Amino acid sequence: MGFTIGGIREMRSGSRRRARTTECTAVAEYTGLWGWDVQPGARAVSGQCSCGDRACTAPGAHPLSFAPPVPAGAGLDDAAKAWSEYPGAALLLPVGRAFDVIEVAEAAGRRALVRMERMGLPLGPVCATPTGRAQFFVAPGAAAELPRLLYRMGWDDADLDLHCLGPGAHITAPPSNLGGLGPVRWLRPPTLDTAGAPPQARLLLGTLAYMCHRTHA
């Protein structure tokens with residue numbers, strides 16, 4: 001029995017080390033390759049937020065108020081050193097700096113992604129959340145422009161399950177868990193060409209709005 005318990009402890013310890021290594025590598029990739037800041041975030045365990053506030057309104061889905069971001073440009077050593085200060089933190093990306101985010105239902109987002117790829121439209125990173133949302137990275141400024149763009153395209157009065165995240169918002173990045181519901185994953189991973197220069201929202205918005213409307217109808 002002692003060997004079994006010890007083995008479990010060793011496996012759990014090894015799993016934690018692998019998770020920390022994966023997280024540090026992801027942080028270094030986001031900062032060093034893609035040029036994004038990474039903010040340590042809270043995690044949810046059994047419905048409770050790791051921030052310690054029992055009345056937390058966003059368990060496992062908000063930045064740690066006491067933790068500074070790992071800045072864009074940090075390499076592997078710097079990222080690993082910074083992240084070691086907050087073991088178990090979720091990887092959050094600040095929105096409104098390098099990109100804004102257009103968020104739609106995942107079903108509509110997947111259909112839109114297929115159509116946009118066939119049309120040869122420029123695309124940035126796209127991720128999917130365990131809450132059934134697809135998040136399209138677009139150029140900063142989209143959140144402020146969204147009402148005007150929807151009006152110009154004739155979608156301003158439509159009942160669309162579509163909104164835009166801008167400055168002040170954060171999204172949970174792969175491979176982190178969102179609110180204890182499961183990991184966020186990439187539908188279209190970032191590349192050197194797309195991470196630093198995501199497309200203008202106007203190039204994607206028409207297709208996204210159409211697919212949202214069609215899926216909802």
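Q: Which residue of strand 7 stands opposite Cys127?
A: Gln135 does. This is a predicted model, and here Cys127 and Gln135 face each other across two strands.

Q: What makes strand 6 and strand 7 a pair?
A: Two strands pair if there are at least two bridges between them. Strand 6 (residues 126-128) and strand 7 (residues 133-138) have three bridges. Three meets the cut-off of at least two, so they pair. The sense is antiparallel.

Q: Why are strand 8 and strand 10 said to stand at the edges?
A: The open sheet has five strands in the order 8-5-7-6-10, with antiparallel pairing. Strand 8 (162-165) and strand 10 (185-188) each have a single partner strand, so one side of each lacks a neighbour in the sheet. From one strand to the next, the twist averages 30°.

Q: How do you know that helix 4 packs on the sheet, and which strands does it touch?
A: Contact means heavy atoms within 4.5 Å. Helix 4 (residues 142-153) touches strand 5 (100-105), strand 7 and strand 8. Its direction makes about 150° with that of strand 8.

Q: Why do the buried residues of helix 4 line one face?
A: The buried residues are Ala142, Leu146, Leu149 and Leu150. Seen down the helix axis, they fall within an arc of 100°, so they line one face. Their cover includes strand 5, strand 7, strand 8 and helix 5 (201-216).

Q: What does the face of helix 4 turned away from its buried side carry?
A: That face carries the exposed residues Ala144, Pro147, Tyr151 and Arg152. To be called exposed, a residue needs over 50% relative accessible area.

Q: What sign does phi take at Gly154, just after helix 4?
A: Positive: phi is about 85° at Gly154.

Q: Why is Tyr30 called buried?
A: Buried means under 20% relative accessible area. Tyr30 has 2% relative accessibility, so Tyr30 counts as buried. Trp36 also has a relative accessible area of 2%, so Trp36 is buried too.

Q: What makes Tyr30 and Trp36 an aromatic pair, and why is the pair called tilted?
A: The whole structure has seven aromatic pairs. In the pair of Tyr30 and Trp36, the centres are 5.7 Å apart. The limit is within 6.5 Å, so the rings pair. The planes make 40°. Stacked needs under 30 degrees and edge-to-face needs over 60, so this pair is tilted.

Q: Which residues form one aromatic cluster with Tyr30 and Trp36?
A: Phe99, Phe137 and Trp186 join them in the cluster.

How values were computed: Residues are numbered from 1 along each chain as its sequence is written. This is a predicted model: local features need pLDDT of at least 70, side-chain atom pairs count only at pLDDT 80 or more; totals for chains, interfaces and linings use all residues. Side-chain values use heavy atoms; hydrogens and water are left out. Helices (H or I, at least four residues) and strands (E, at least two) are DSSP runs, numbered from the N terminus. Axes are lines fitted to C-alpha atoms, for helices over the stretch in contact, and angles run from 0 to 180 degrees between N-to-C directions. Buried means under 20% relative accessible area, exposed over 50%, partly exposed in between (1.4 Å probe, protein chains only). The arc is that of the directions from the helix axis to the C-beta atoms. Rings of Phe, Tyr and Trp (its six-membered ring) pair if their centres lie within 6.5 Å; planes under 30 degrees apart count as stacked, over 60 as edge-to-face and the rest as tilted.
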